[in-house]
Amino acid sequence: MVIAYARLAPYASSFAQSRGRLHTESEPAYRSVDQRDGFQRDRDRIVHSNAFRRLEYKTQVFINYEGDLFRTRLTHSLEVAQIARSIARSLHLNEDLVEAISLAHDLGHTPFGHAGQDALHAAMKASGAEDGFEHNLQSLRVVDHLEQRYAEFDGLNLCFETREGILKHCSMKNAQTLGEVGQRFILRSQPSLEAQVCNLADEIAYNNHDVDDGLRSGLITIDQLKEVDLFAAHWNEVLRKHQGLAQKRAVHETIRRMISTLVLDLVICTKSRLYDGQIISVEAVRATEPLVAFTDATKAASLQLKQFLRTRLYRHTAVAEKMNHAQGVVQTLFAAYQHQPHLLPDEHKENQQKIGLRAISDYIAGMTDRFALREFDKLTRTG
Ligand code: MG
């Protein structure tokens, strides 16, 4: 009897065809019994990294201590990995690669979500670091340079395919400094299908979990959400089928159905694009337009949801107030380390002499929300 293993499609990334790692590694003794391939080892290196554990205390929308049920960057990353794996399995893509990319995709995020990132970017630019701060590039810095776990090299020395998936966007100027992994921004070619899947799995994850967290926080309401077609359609259907269902359960059932609808649409649409484009190799994937996509109708529905969240939740005064404070925290920390470098921990102090403002940016970007708040308290109390 033949056991049916999940087969990789010809357009999937396989480790056998990987462009390899930055540094050559000596083979550890256990390699003879190690059944993992390189992408699985990448995932494991990410899970064991410091930056990965810090995600538990980093916020996306809600400050970490606001409630135990709100998403953190860690649970967000796990949800992205789950959605990406299920899409990858349906398309016969490499599940291990999408898992590695998903778990690493937010490693470079600052404390306090986008507010922290904007503040760090502004502080870097104002201090003369022209390229400012980009969180995608920072995620790559984390895995290429900042993690210090291996005797033989800096960073985690991940495979090219994992690194290209992590670097979702990049300015042309930065791309020119990044070697092979920056090439596609210069050549305007596409990353692997696995990287494209993670990109949209990220969007599916945060749009849906922000509905859930938004409702839990009381900052948005079901009545408001009924303006969003995707939500309204599933909400009405759930209530029609399950009369008298408790509201919390109806919300979860609705969100579950929304995620399924988006995933199903993505899989079907991508399959037909692969078929229409007669895509039968990774090279063909790279040479054309993005292939992982929603249908036009679903893309519009997803955009409507995203816009709703932007105006009703992310720009809600209660969120904005917290985020303004967070921006002040990041600005204060940056100015303090810039003018009093002795406040930096030793390893960053050394880096500051070597690499200047980037060392300050690395230190702040690595902070969790609560660590940044504690440092801020210390500085403003004694300063
Ligand atoms: Mg994300």
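The paragraphs below follow one helix of this predicted model through its packing against another helix and its part in a nonpolar core.

Two packed helices are described by the angle between their axes and the distance between the axes. Helix 10, which covers residues 193-217, packs against helix 15, residues 296-314, at an angle of about 45°, and the two axes lie 10 Å apart. Angles that are neither roughly parallel, roughly antiparallel nor roughly perpendicular count as oblique, and helix 10 and helix 15 are therefore oblique to each other. Their crossing is left-handed.

On the side of helix 10, the residues that take part in this contact are Glu203, Tyr206, Asn207, Asp210, Val211 and Gly214, and they meet Ser302, Leu305, Lys306, Leu309, Leu313 and Tyr314 of helix 15. Taken by character, the residues of this contact divide into 6 nonpolar, 3 polar and 3 charged.

Glu203, which has its place in helix 10, can be looked at on its own. Its relative accessibility is 16%, and because buried means under 20%, Glu203 counts as buried. Apart from neighbours within four places in sequence, Glu203 is in contact with Phe294, Ser302 and Lys306.

Helix 10 also leads into the interior of the model, where the largest nonpolar core has 84 residues, among which Ile87 and Ile364 touch the most other members. To this core helix 10 gives the most, with 10 residues. Ile87, if residues up to four places away in sequence are not counted, touches Val197, Ile204, Val263, Leu266 and Val267. A second core, separate from this one, is made of 23 residues, including Phe52, Leu107, Ala175 and Val181.

Note on methods:
Residues are numbered from 1 along each chain as its sequence is written. This is a predicted model: local features need pLDDT of at least 70, side-chain atom pairs count only at pLDDT 80 or more; totals for chains, interfaces and linings use all residues. Side-chain values use heavy atoms; hydrogens and water are left out. Axes are lines fitted to C-alpha atoms, for helices over the stretch in contact, and angles run from 0 to 180 degrees between N-to-C directions. Helices (H or I, at least four residues) and strands (E, at least two) are DSSP runs, numbered from the N terminus. Angles under 35 degrees count as roughly parallel, over 145 as roughly antiparallel, 65 to 115 as roughly perpendicular and the rest as oblique. A crossing is left-handed if the near helix is turned anticlockwise from the far one by less than a right angle, and right-handed if clockwise. Contact means heavy atoms within 4.5 Å. Ala, Val, Leu, Ile, Met, Phe, Trp, Tyr, Cys and Pro count as nonpolar, Asp, Glu, Lys and Arg as charged, and the others, Gly among them, as polar. A nonpolar core is a set of buried Ala, Val, Leu, Ile, Met, Phe, Trp, Tyr and Cys residues joined through side-chain atoms within 4.5 Å. Buried means under 20% relative accessible area, exposed over 50%, partly exposed in between (1.4 Å probe, protein chains only).
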